[in-house]
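Trainee: Could you take a close look at one part of this model with me? I would like to understand how its strands are put together and what lies around them.

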Amino acid sequence: SLKVFFAGFDRLDHNPSKLYVKSKWRPQWDQVPAWVTKRLSRFFARLRESFVHKRAKSNLLPFQEKLLTELRQHPFLLFPDTDKGLGPCAVTYDQYIEECLAHLTNEEIYERLSEQQAQTLVSELHEKLEAWFEDWQEHLHESELKFIRRHLNDNSSSPFGQFYILYKIHKGIKDGRWPTRPVCSDVSSLPHGLGKWVTEKLLPIAKTQKSFFQDSFELKRILDNIRVLPSNAMLFTSDATSMYTNIKTPPALKEISSLLQKLFNDGTFRHYNPKSLIEALHLVFENNFFKLGDTYWRQKSGTGMGISPAPPWATIFYGIFEEHILKKWKQYLFLFKRFIDDIFGIWLSDPSPEVNEAKWEEFTQDLNCWYGLTWPCTAPALSCDFMDMTISIENGTLVTRVFKKDMNLYLYLPPTSSHPKGIGTGLIFGQVLRYRRLSTHQCDADKKIREFYQRLLARGHSPNTLSPLFLKAE
């Protein structure tokens, strides 16, 4: 009925905010032509006549059904996700809880609460959020106000975030156990809607950081624009150690608040009210209350991965210090780019090996001089793996190839999956495009596409189905 009602209207040329509540409005019966209702009624009547109830054929093979039944009936197993999208894993319930508590018992970062304490704190938080609405509602767009309040109301009955861990199996076993990544999902928490609003305000600022890039495709474009490298260029990467957890909340609030006020005062950004945004930052990052099972917790310090504005928050926080790094080391940094907690750079080696070693050591120490964040760096080399690319220097130019982690299981959807067919088509088109865009040499892309084709065959897809789609994707 909506399509019929709006048929003939010119499409509105606008760019609406992501902060909106989906409308439930539908036109009245007398606003839709009668012939539409009659035709729909006849269509559904014929459809019901043709539909026959029958038991659907299973899309699982017998051994798969048997294995799933055994796993489902196992009394002690859980199946958490692994980090980097490497698929599910199986651990015992006791192991999972023990490894969650390995994070939560860090008293510098987390504090356990009684149920009464937790309920009292979220009640106080609810009052603070209401006070924030009262103070700043005149500065909010109607859609923003409606969005934030809807999430606040929806989450009031169960106002806590949820804690879980991801297994970092690509890192390998360390000290007899698999490393894990703690996640505090805020989707069900009271400040979730406000956090989404904070994200919208911080993102434009994060994107102006000198080291910022959006994704692998943008980094590839940047690298392609470097036609010739100096002969002393070498590549390095760095991955911050537990960046979110180690961002101390008080100094981060101090530094980011000061920057927000400065950028507003000098007219660089005018899309926010600095006082309302700074107050919102305090509400979101100082009130991370969450549950693990039937236990209640508060994050005292650090940034919870899973909080909506955490990525732009982290990007801006270290970006403030990067201004100093880029200025001091411009003689040695041909390129310096960062995606949240991952750095890629091109280092210009000093002609003297002794001087170069000393300067490199000093540079890596300088990276660690910002409120306790640490950035272990790979040694400068002619090739490195960064995000989903292998980047190399060959004959004085940069060459990129698609990089895959050794433990990638390639769990593509099998042909028996009940997903819409368009999902499989989109997967093939998307991957082929990705291999082409991220590969400098088309022969490398060809190789990856052939491997992709073979992996889909191994998942049970038919060559008769795949071949036309691959040809069309090219």
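Mentor: Happy to! Let's begin with a term we need: two strands count as paired if DSSP finds at least two bridges between them. Keep in mind that this is a predicted model.

Now look at strand β12, residues 389–394, which is joined to β13 by 6 bridges, with the two strands running antiparallel. You can pick out one pair by eye: Ile391 has Thr400 in β13 as its bridge partner.

Next, widen the view to the sheet. It is an open sheet of 3 strands, ordered β11-β12-β13, with antiparallel pairing. The edges are taken by β11 (383–386) and β13 (397–402); each has a single partner strand, so one side of each has no neighbour in the sheet. On average, neighbouring strands here are turned by 25° against each other, ignoring direction. As for what holds such strands together, strands of a sheet pair through backbone hydrogen bonds.

What lies across these strands? Helix α8, residues 216–224, lies across β11, β12 and β13, and runs at about 5° to β12.

For a second stop, go to Ile428 in helix α14, which spans residues 421–438. Ile428 has 4% relative accessibility, and buried means under 20%, so Ile428 counts as buried. Beyond its neighbours within four places in sequence, Ile428 is in contact with Phe452, Leu456, Leu466, Leu469, Phe470 and Ala473. Take Ala473 from that list: 45 residues separate it from Ile428 in sequence, while their C-alpha atoms are 7.2 Å apart in space.

Technical notes: Residues are numbered from 1 along each chain as its sequence is written. This is a predicted model: local features need pLDDT of at least 70, side-chain atom pairs count only at pLDDT 80 or more; totals for chains, interfaces and linings use all residues. Side-chain values use heavy atoms; hydrogens and water are left out. Helices (H or I, at least four residues) and strands (E, at least two) are DSSP runs, numbered from the N terminus. Axes are lines fitted to C-alpha atoms, for helices over the stretch in contact, and angles run from 0 to 180 degrees between N-to-C directions. Contact means heavy atoms within 4.5 Å. Buried means under 20% relative accessible area, exposed over 50%, partly exposed in between (1.4 Å probe, protein chains only).
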